[in-house]
Amino acid sequence: MSVNRGNAMLTSRTEGRNVASELARALDRNEIVPYYQPIVNLQTRRIEGFELLARWQHPIRQNIGPAEFIPAAEKLGLIGALTERLLRQACIDAANWPAHLRLSVNISPRQLHDSRLPKQISGILEQARFPFQRLTLEITESAVVDDIDLARLILGHLRSLGAHLALDDFGTGYSGLRHLQELPFDILKVDAIFVRTLCTKTESRKIVAAVMGLCQSLKLATIAEGIENDSQLEMLRCLGYGNGQGWLFGRPAPAAEAEALLKNGQSVVALNSVAQIAEQVALQLEAMPIQCLWQLKALYEGAPVGLAFLDRELRYLAVNERLAEMQGLPTAAFLGRAVADVFPEESKMSNRG
């Protein structure tokens, strides 16, 4: 081992011990505070809620990110107290938000060992008068759930109270599919590592498309993490992803900045045209046939123009709502019928011409 490498490891261990020794005092001094990152509707770019994140406002080292101190909090058994304090303050902050916005909160796998968790969360929300229906609890895919039966009981109780459950960082762990099978999730969050390489790696595009197909099959809502530019956004929109978060929409910020973002308006940029979206789907996305179907379905349903699929006999196979509205007919009036039967007068004029 080189001297430099040995010194680096020693420094890392020393900093780790310092973080652990200071963490309990930081909780007592309220140095760990909530930050909020917006979660937006990818079709409208309007804010749907915020994810609660933690920042340690250290008196010397300034802001310390959660990746540095959360593992220490779990190891020291302080993660429950930390989550409770952050959630309590977040409910107070969220009282100033529009009533439809959700609050997403990360739950440690260690907390899934405590059967008292639903009662603790319920007590915080009742005191703050914050409805369970506006709360989303996120559990990371890489979390090792030792007691799956207890976890199912705890999460089932929380969902029965009205909370939403999200499987976070999907695609980076080894137990995600088992969690989807065993636990009552209703939201899946695709990890940022795939979203950030969406435009540069074919494999990432295929994975993100495949996950969309999985969510459609299981009837799960979707959130894409790590969106940093409009190209990534458009690809995700074409694939049918509902919500997303990332630096394109806003970095984690204190409560005052989150409120300012809401007051300044939630819609940021006009959406691209259908032609641009179709071009991106055709040129940039590679996927298996079932994922291509979902891509086409997203484009078809979201188009601001009337669209229909016809067979070789010119019979309607599918009609989007826009076309039905334009003709003043229900969509059922088209299906299985020939164009000439639905619009006999137009067909006669066309034949005469």
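How many bridges join strand 1 to strand 9, and in which sense do the two strands run? Two bridges join strand 1 to strand 9 (residues 243-244), and the strands run antiparallel. The legends below refer to a predicted model.

**Figure 1. Overview of the protein chain in the predicted model.** The chain has 353 residues, 44% of which count as buried. It contains 15 helices and 11 strands. Among contacts with a separation of 6 or more, 62% are made by residues 24 or more positions apart. The accessible surface is about 18600 Å², and carbon and sulfur atoms contribute 53% of this area.

**Figure 2. Strand 1 and the strands that pair with it.** Strand 1 covers residues 32-41, and 10 of its 10 residues are buried, so the strand is largely enclosed by the rest of the structure. In a regular strand the side chains alternate between the two faces of the sheet. Here both faces are covered: one side carries Ile32, Pro34, Tyr36, Pro38 and Val40, the other Val33, Tyr35, Gln37, Ile39 and Asn41, and all of these are buried. Strand 2 (residues 47-58) runs antiparallel to strand 1 and is joined to it by nine bridges. Within this pairing, Pro34 has Ala54 of strand 2 as its bridge partner. Five residues lie between the two strands of the hairpin, where Arg45 takes a positive phi near 60 degrees. In the pairing with strand 9, the bridge partner of Val40 is Gly244.

**Figure 3. Ile32 and the nonpolar cores.** The largest nonpolar core has 75 residues, and Ile32, Ile121 and Tyr241 have the most contacts inside it. Helix 3 (residues 79-94) supplies the largest share of this core, seven residues. Ile32 belongs to strand 1 and is buried on one side of that strand. Neighbours within four places in sequence aside, Ile32 is in contact with Leu23, Ala26, Leu27, Ala54, Arg55, Trp56, Phe69, Leu82 and Leu86. A second, separate core of seven residues includes Val319, Leu323, Ala324 and Val342. In soluble globular proteins, nonpolar side chains tend to be buried together.

**Figure 4. Strand 7 between its parallel partners, strand 6 and strand 8.** Strand 7 (residues 187-190) is covered on both faces, with Ile187 and Lys189 buried on one side and Leu188 and Val190 buried on the other. Strand 6 (residues 164-170) is joined to strand 7 by three bridges, and the two run parallel. Four bridges link strand 7 and strand 8, also in the parallel sense. Val190 takes part in both pairings: Phe170 stands opposite Val190, and Val190 stands opposite Ala224 in strand 8.

**Figure 5. Surroundings of Glu225.** Glu225 is found in the loop between strand 8 (221-224) and helix 9 (230-239). With a relative accessible area of 9%, Glu225 falls under the 20% limit and therefore counts as buried. The Glu225 side chain makes a polar contact of 3.5 Å with the side chain of Lys189, a residue that is itself buried on one side of strand 7. Apart from residues up to four places away in sequence, Glu225 touches Asp168, Asp169, Lys189, Val190, Asp191, Ala192, Val195 and Gln245.

**Figure 6. Helix 9 and its two ends.** Helix 9 is mostly covered, with eight of its 10 residues buried. The buried residues are Gln232, Leu233, Glu234, Met235, Leu236, Arg237, Cys238 and Leu239. At the N-terminal end, Asn229 acts as a cap: a side-chain oxygen lies 3.2 Å from the backbone nitrogen of Ser231. Just after the helix, Gly240 takes a positive phi of about 100 degrees.

**Figure 7. Buried and exposed faces of helix 10.** Helix 10 (residues 255-263) has Ala255, Ala258 and Leu262 as its buried residues. Seen down the helix axis, these residues fall within an arc of 60 degrees, so they line one face of the helix. They pack against strand 1, strand 2 and helix 3. Ala256 and Lys263 are exposed, on the face turned away from the buried side.

Technical notes
Residues are numbered from 1 along each chain as its sequence is written. This is a predicted model: local features need pLDDT of at least 70, side-chain atom pairs count only at pLDDT 80 or more; totals for chains, interfaces and linings use all residues. Side-chain values use heavy atoms; hydrogens and water are left out. Buried means under 20% relative accessible area, exposed over 50%, partly exposed in between (1.4 Å probe, protein chains only). Contact means heavy atoms within 4.5 Å. Accessible areas come from the Shrake-Rupley method with a 1.4 Å probe; for residues, only the protein chains shown count as cover. Two strands pair if DSSP finds at least two bridges between them. A polar contact is a pair of N or O atoms within 3.5 Å; within protein, one must be able to donate a hydrogen and the other to accept it, and residues adjacent in sequence count only if both atoms are side-chain atoms. A nonpolar core is a set of buried Ala, Val, Leu, Ile, Met, Phe, Trp, Tyr and Cys residues joined through side-chain atoms within 4.5 Å. The arc is that of the directions from the helix axis to the C-beta atoms.
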